[in-house]
Amino acid sequence: MFAKMLLGLLFGTVIGIITGLIPGLHVNTICVVALAISDKILGFFGKIEFACFIIAMSITNSFTNAIPAIFLGAPSGESESLIILPGHKMLLEGKGNEALNLTVLGSILSLLTSVLLTPVLIFLFVFINSVIKKYIGYVILGFVLFVTLKGNSKLKNLSFFFLSGILGIFSLGTNNSNTLLPLLSGLFGISSMVLSLSQNVSIPKQENVGNMDIKKGMIFKAVIGASLVASVAAFLPGFGGAQSAILAQTFLGDMGSEGFLVLTGGINTANMVISLDTFYSIGKARNGAIVAITSFFESITLKQMLIFIFTSLAIGGLSGALSVFLSKKFSEFITRINYRMILISIIVFLIGLTFATSGFVGLIILVSSSALGICASLLTVGKNNLMGCLILPVLIYFLW
């Protein structure tokens, strides 16, 4: 069992690196593939080993997915899309490695914080769920309106929220189970890369990281904020990392580029651990990785929960070190090759992957979502509003 566990963790880490480094290749896609061939997988691995593989992949991905967002301006999903602006700004200043290290710092500290908060969160989730279970749709609606109507462009925010929501309803309403790939890749990946192609960007030589230019007080504030808003995201269905970051900013104020990178890095990783708390306490799966685990566990015992927590901690430490190493290699690589050709190659790859997994329907969704994402950027609408593609279907489910 121990040897199989190590093999599962190693395989999960490798797949997590691959999904993190390839824009548009989401963990959820791998989870769908893994479930499709689960009979063969369970012929070798047990259920615990399979679950630890999923957790290792997800935790590793939460660290490494910041690399393409910073160095290529190509996020894997909506939560990484917020990293682009401060991360790419630091990249053009020669501080791409520092930007990545800040997200890694946020991920590691928020991982530790979320583990320490686990006993408290389990108790709170049980209590809160018993109080608001019948009103969960209205709670989600309240949070969405709060985040969407923040700022001066309320009408534009709402318009793009509903437009992306309609696209999401169409995508999720097809008989194809792989439409999330073109939907999220277009809204948050290809749309950003197409705009990058229109700009004559030259990447300067990247500096080696010395001391990171951020105060300890700011790190503490960002990590605590990340853990708390990740708890909201892990509890409320459809409430993603982008909404969590905006919510945190509302209460924490301006944290600068450095603080914001710590915050967003922390949210991604803490959300995975706290989603385990949600499943353990109220039996609800709030992300694709946990949904995959629920296919084999109707509930998890305290012993299994502890195994999953220690797996997260061990993989988190390894992923942090791997991300720093890969960042150095990426920063050397990015200045030696044609940046435009990288972006074009990734776009072609995503188009091919979409056609291979979801056919012409996927291509229609990819083109539509990319166009909507480009329009949002040109009209300076926050990409977090495009999470209506997932939230609106959830709201209809709870409120219809």
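Me: Is L306 buried, partly exposed or exposed?

Reply: Let's start there, keeping in mind that this is a predicted model. The idea is to look at the relative accessible area and compare it with two cut-offs: under 20% is buried, over 50% is exposed, and in between is partly exposed. L306 has a relative accessible area of 42%, so L306 is partly exposed. You will find L306 in helix α16.

Me: Which residue can I use as an example of a buried one, and where is its place?

Reply: Try T19, whose place is in helix α1, residues 2-21. With a relative accessible area of 1%, T19 is buried. The T19 side chain also has a partner: a polar contact of 2.9 Å joins it to the side chain of N61.

Me: What is L167 in contact with, if I leave aside its neighbours within four places in sequence?

Reply: With that filter, L167 is in contact with L183, S368 and S369. L167 belongs to helix α10, which covers residues 154-172. Since its relative accessible area is 12%, L167 is buried as well.

Me: How far apart in space are L167 and M5?

Reply: Here you compare two separations, one along the sequence and one through space. From C-alpha to C-alpha, L167 and M5 are 40 Å apart, with their positions 162 residues apart in sequence. You can do the same with L306 and V367: these are 61 residues apart along the chain, and their C-alpha atoms are separated by 44 Å.

Me: Which residues touch the most other members of the largest nonpolar core?

Reply: The general idea first: in soluble globular proteins, nonpolar side chains tend to be buried together. In this model, the largest nonpolar core has 110 residues, and those touching the most other members are I54, L72, I140, L263, I293, F297 and F308. Helix α14, residues 256-282, gives this core its largest share, 12 residues. For a local view, pick I54: beyond its neighbours within four places in sequence, I54 is in contact with C31, A289, A292 and I293.

Me: At roughly what angle do the axes of α10 and α18 cross?

Reply: To read a helix pair, look at how far apart the axes come and at the angle between them. The axes of α10 and α18 (residues 388-399) come within 7 Å and cross at roughly 75°. An angle from 65 to 115 degrees counts as roughly perpendicular, and so α10 is roughly perpendicular to α18. Among the residues that meet are F161, F162 and I166 in α10, and L390, I391 and P393 in α18. By class, the residues of this contact are 12 nonpolar, four polar and no charged.

Me: Are α8 and α16 roughly parallel or roughly antiparallel?

Reply: The axes of α8 (residues 96-132) and α16 (residues 302-334) come within 9 Å and cross at roughly 175°. That angle makes α8 roughly antiparallel to α16. Residues making the contact include N97, L100 and V104 of α8, together with S327, K328 and S331 of α16. In this contact there are 10 nonpolar, nine polar and one charged residues.

Me: What is the phi of T380, and where is its place?

Reply: Again, the general idea comes first: most residues other than glycine have a negative phi. T380 is not a glycine, although its phi is positive, at about 55°. The place of T380 is in the loop between α17 (339-378) and α18. T380 has a relative accessible area of 62%, so T380 is exposed.

Methods
Residues numbered from 1 in each chain as written. Predicted model: local features only at pLDDT ≥ 70, side-chain atom pairs only at ≥ 80, totals over all residues. Heavy atoms only, no water. Helix = DSSP H or I, 4+ residues; strand = E, 2+ residues; numbered from the N terminus. Buried < 20%, exposed > 50% of the residue type's maximum accessible area, 1.4 Å probe, protein only. Polar contact = N/O pair within 3.5 Å; in protein donor to acceptor, adjacent residues only side chain to side chain. Contact = heavy atoms within 4.5 Å. Core = buried A, V, L, I, M, F, W, Y, C linked by side-chain atoms within 4.5 Å. Axes fitted to C-alpha atoms, helices over the stretch in contact; angles between N-to-C directions. Parallel < 35°, antiparallel > 145°, perpendicular 65-115°, else oblique. Nonpolar A, V, L, I, M, F, W, Y, C, P; charged D, E, K, R; others polar.
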